[in-house]
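Biologist: I am new to this one. Please show me the structure, and then we can go through it by question and answer.

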Amino acid sequence: VGLQQEQRLLKALHRERIVAVYGSDLPRVAKFAACIVADHQSRVTFVPELREMDFGVFEGMRYPDIMENFPDEATAFYGDLLHHRPPKGESGLDVLRRVRHFYHMLVKEIQEEPLGTRVVVSHGGPLRLLFADLQFGDPLRHFDFGIAHGMGVRSSVSVTGRLTILSTFGMQ
């Protein structure tokens, strides 16, 4: 399924004039970012700020196991993931700080060279947090953006730095 989703996204991006690709440096996303570059005369920059949330000791565990082994920490985290973090992990606000840093760098680049499409390849969590923050000024609304695996989100960044979500693509 993931490979089919990648192919749909690559097809949707084929006619774009892509001048840069930015991707999380985690393997699955980095591999897909490299596929986009292979189809265009552009460059890929791997950006740690685009990584998925670090779930710390919860990483790789199933929800029931997390609740059994870390009931207090898990209850606090799942009750308010913006402000609480798993042991040795990140909160939603930690992630938002990271992706905001990347976004401001991207806006500066767009202001200096506005022509061409930039592709950002990341994970649902960081993108939802950023979009909610930019669209609504409220990262608590991050679940208002239903970003699924293999989904593309077309957006526009104005020279003022305002983000506009235009459409989603790549899904059947």
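Modeller: Two strands count as paired if DSSP finds at least two bridges between them. Keep in mind that this is a predicted model.

Biologist: How many bridges join β1 to β2?

Modeller: β1 and β2 run parallel. One bridge sets Tyr 22 against its partner in β2, Thr 45. The number of bridges joining β1 to β2 is 3.

Biologist: What is the hand of the β-α-β crossover from β1 through α2 to β2?

Modeller: A crossover is called right-handed if, with the strands pointing away from the viewer, the path over the helix to the second strand runs clockwise. Here the chain leaves β1, passes through α2 and arrives at β2. That crossover is right-handed.

Biologist: Which residue of β3 is the bridge partner of Val 21?

Modeller: β1 also pairs with β3, in the parallel sense and over 5 bridges. As for burial, 5 of the 6 residues of β1 are buried, so the strand is mostly covered. The partner of Val 21 in β3 is Val 119.

Biologist: How many Å does α2 reach from its first C-alpha to its last?

Modeller: α2 has 12 residues. At 1.5 Å a residue, the expected reach is 16 Å, and the model comes close to this. From first C-alpha to last, α2 reaches 16 Å.

Biologist: How wide is the arc that the buried residues of α2 cover around the axis?

Modeller: Buried means under 20% relative accessible area. In α2 that holds for Val 29, Ala 30, Phe 32, Ala 33, Ile 36 and Val 37. They lie on the same side of α2, because the arc they cover around the axis is only 165°.

Biologist: Which elements do the buried residues of α2 pack against?

Modeller: The other side of α2 holds exposed residues, namely Pro 27, Arg 28, Lys 31 and Ala 38. The buried residues of α2 pack against α1, β1, β2 and β3.

Biologist: How many salt bridges does a search of the whole structure find?

Modeller: Some of them form a network, in which Arg 43, Glu 109 and Arg 118 are linked. Another salt bridge is between Arg 51 and Asp 25, at 2.6 Å from N to O. The search of the whole structure finds 10 salt bridges.

Biologist: How many residues apart in sequence are the parts that Glu 16 and Arg 154 tie together?

Modeller: Glu 16 and Arg 154 form a salt bridge, with their closest N and O atoms 3.1 Å apart. Glu 16 lies in the loop between α1 and β1, and Arg 154 in strand β4, so the pair ties together parts well separated in number: 138 residues apart in sequence.

Biologist: Glu 16 and Arg 154: buried, exposed or partly exposed?

Modeller: Anything from 20% to 50% relative accessible area falls between buried and exposed. Glu 16 has 21%, and Arg 154 has 29%. Glu 16 is therefore partly exposed, and Arg 154 also counts as partly exposed.

Biologist: Is Asp 133 buried or exposed?

Modeller: Asp 133 forms a salt bridge with Arg 100, the closest N and O atoms being 2.8 Å apart. The pair links helix α6, which holds Asp 133, to helix α5, which holds Arg 100. Arg 100 is partly exposed at 32% relative accessibility. At 15%, Asp 133 counts as buried.

Terms used. Residues numbered from 1 in each chain as written. Predicted model: local features only at pLDDT ≥ 70, side-chain atom pairs only at ≥ 80, totals over all residues. Heavy atoms only, no water. Salt bridge = Lys/Arg side-chain N within 4 Å of Asp/Glu carboxyl O. Helix = DSSP H or I, 4+ residues; strand = E, 2+ residues; numbered from the N terminus. Buried < 20%, exposed > 50% of the residue type's maximum accessible area, 1.4 Å probe, protein only. Expected span 1.5 Å × (residues − 1). Arc of directions from axis to C-beta. Contact = heavy atoms within 4.5 Å.
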